[in-house]
Amino acid sequence: MSSQNKAKQNRKKKRISKHILRAQDKKAAEQSTSSSSASASTETTNNKPQDAVVPKKKVHKQKGKKVKDPKEAASYLSLWKIRDTSPNIWKFNTNMQSWLLRNMYDSTLVPKSTFQTLSDYIVKLPEGMTRKRVCDDALSKAMRYKKWAKEEENEGTSKETDDSGAADTNESGAATGDDDDDWKNLDSHDKRREYKRARIVLESLRSNGNETKSN
């Protein structure tokens, strides 16, 4: 083989080698770019704010007495009063009855007009635990007031001013029960109003009892 042919082959090999090298470099660069893009995409995805899963707040039921609208209670009793002339207009509600019986001595929740109808409602309470509890509560409140009134009268007569006597008067002015503290804070007018309502309740229950026995 001539020297010229060998030189041509060598130049050809060099060109092929350069072509392969360029291809390899290009491929490596593409792979590097692709890898960088994928990494950046992953990082972006990881850094992207996700929809936070907000835990549901637990609803805690408030303990204690439920607050009702006094107008709602008055409406309940008004419908009860005409239940005979307008059938299906009134429906018994245990919660409403419990609320009325529990708050009937509070004139801000059960005003005078509502209490008058409630006294008729109480007459119709069937014999049982509810009726007995209403009677016992009314009797306790009536006795508490009478005891307090007697002590007030004695205090005014004897004019006792010593500290021990004042302490004894305050203690005797309250009957046992959960509402003792509230009752102590009432003025004489509110104490007497509670007493009057207790008397009405007792008279209503007793009159109904007498009617039941006579029948």
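The exercises below work through a predicted model of one protein, each with a stepwise solution.

**Exercise 1. Describe the overall fold of the protein and how much of it is buried.**

Solution. Begin with the secondary structure: the protein has 8 helices and 0 strands, which gives the pattern α-α-α-α-α-α-α-α when read along the sequence. Next take the burial, where 23% of the 215 residues count as buried. The exposed surface comes to about 16,800 Å², and carbon and sulfur atoms supply 50% of that area. Finally, consider the contacts between residues at least 6 apart in sequence, of which 69% join residues at least 24 apart.

**Exercise 2. Work out which parts of the protein the pair of Trp 80 and Tyr 121 ties together, and classify the geometry of the pair.**

Solution. A pair of aromatic rings is described by the distance of the centres and the angle of the planes. For Trp 80 and Tyr 121 the centres are 5.2 Å apart and the planes stand at 65°; since an angle over 60 degrees counts as edge-to-face, the pair is assigned to that class. The next step is to place the two residues: because Trp 80 belongs to helix 2 (residues 70-81) and Tyr 121 to helix 4 (residues 112-123), the pair ties together parts that are 41 residues apart in sequence. Both Trp 80 and Tyr 121 are buried. The wider setting is a cluster in which ring pairs link Tyr 76, Trp 80, Trp 90, Phe 92 and Tyr 121, and the count for the protein comes to 7 aromatic pairs.

**Exercise 3. Identify the helices that contribute two or more residues to the largest nonpolar core, and follow the contacts of Ile 122.**

Solution. In soluble globular proteins, nonpolar side chains tend to be buried together. Here the largest nonpolar core has 27 residues, and those with the most contacts inside it are Leu 100, Met 104, Leu 118, Tyr 121, Ile 122, Val 134 and Val 201. Two or more residues of this core come from each of helix 2, helix 3 (94-103), helix 4, helix 5 (129-158) and helix 8 (188-214). Turning to Ile 122, and leaving aside neighbours within four places in sequence, the residues in contact with Ile 122 are Leu 101, Met 104, Arg 131, Val 134, Val 201 and Leu 205.

**Exercise 4. Decide whether Leu 79 and Glu 194 are buried or partly exposed, and list their contacts.**

Solution. Leu 79, found in helix 2, has a relative accessibility of 29% and therefore counts as partly exposed. Beyond residues up to four places away in sequence, Leu 79 touches Ile 89 and Trp 90, and the C-alpha atoms of Leu 79 and Trp 90 are separated by 5.4 Å although the residues are 11 apart along the chain. Glu 194, in helix 8, has a relative accessibility of 7% and so counts as buried. With neighbours within four places set aside, Glu 194 is in contact with Tyr 105, Lys 141, Arg 144, Trp 183 and Leu 186.

**Exercise 5. Locate two stretches where the pLDDT is below 50, and compare their contacts in the model.**

Solution. Start from the average pLDDT of 75 for the protein, with 59% of the residues scoring at least 70. Over residues 59-64 the pLDDT stays under 50, and the model has 0 contacts beyond four places in sequence for this stretch. Residues 164-176 also have a pLDDT below 50, but the model gives this stretch 17 contacts beyond near neighbours in sequence.

How values were computed:
Residues numbered from 1 in each chain as written. Predicted model: local features only at pLDDT ≥ 70, side-chain atom pairs only at ≥ 80, totals over all residues. Heavy atoms only, no water. Helix = DSSP H or I, 4+ residues; strand = E, 2+ residues; numbered from the N terminus. Buried < 20%, exposed > 50% of the residue type's maximum accessible area, 1.4 Å probe, protein only. Contact = heavy atoms within 4.5 Å. Areas by Shrake-Rupley, 256 points an atom, 1.4 Å probe, with all protein chains shown as cover. Phe/Tyr/Trp six-rings, centres within 6.5 Å; stacked < 30°, edge-to-face > 60°. Core = buried A, V, L, I, M, F, W, Y, C linked by side-chain atoms within 4.5 Å. pLDDT = per-residue confidence, 0-100.
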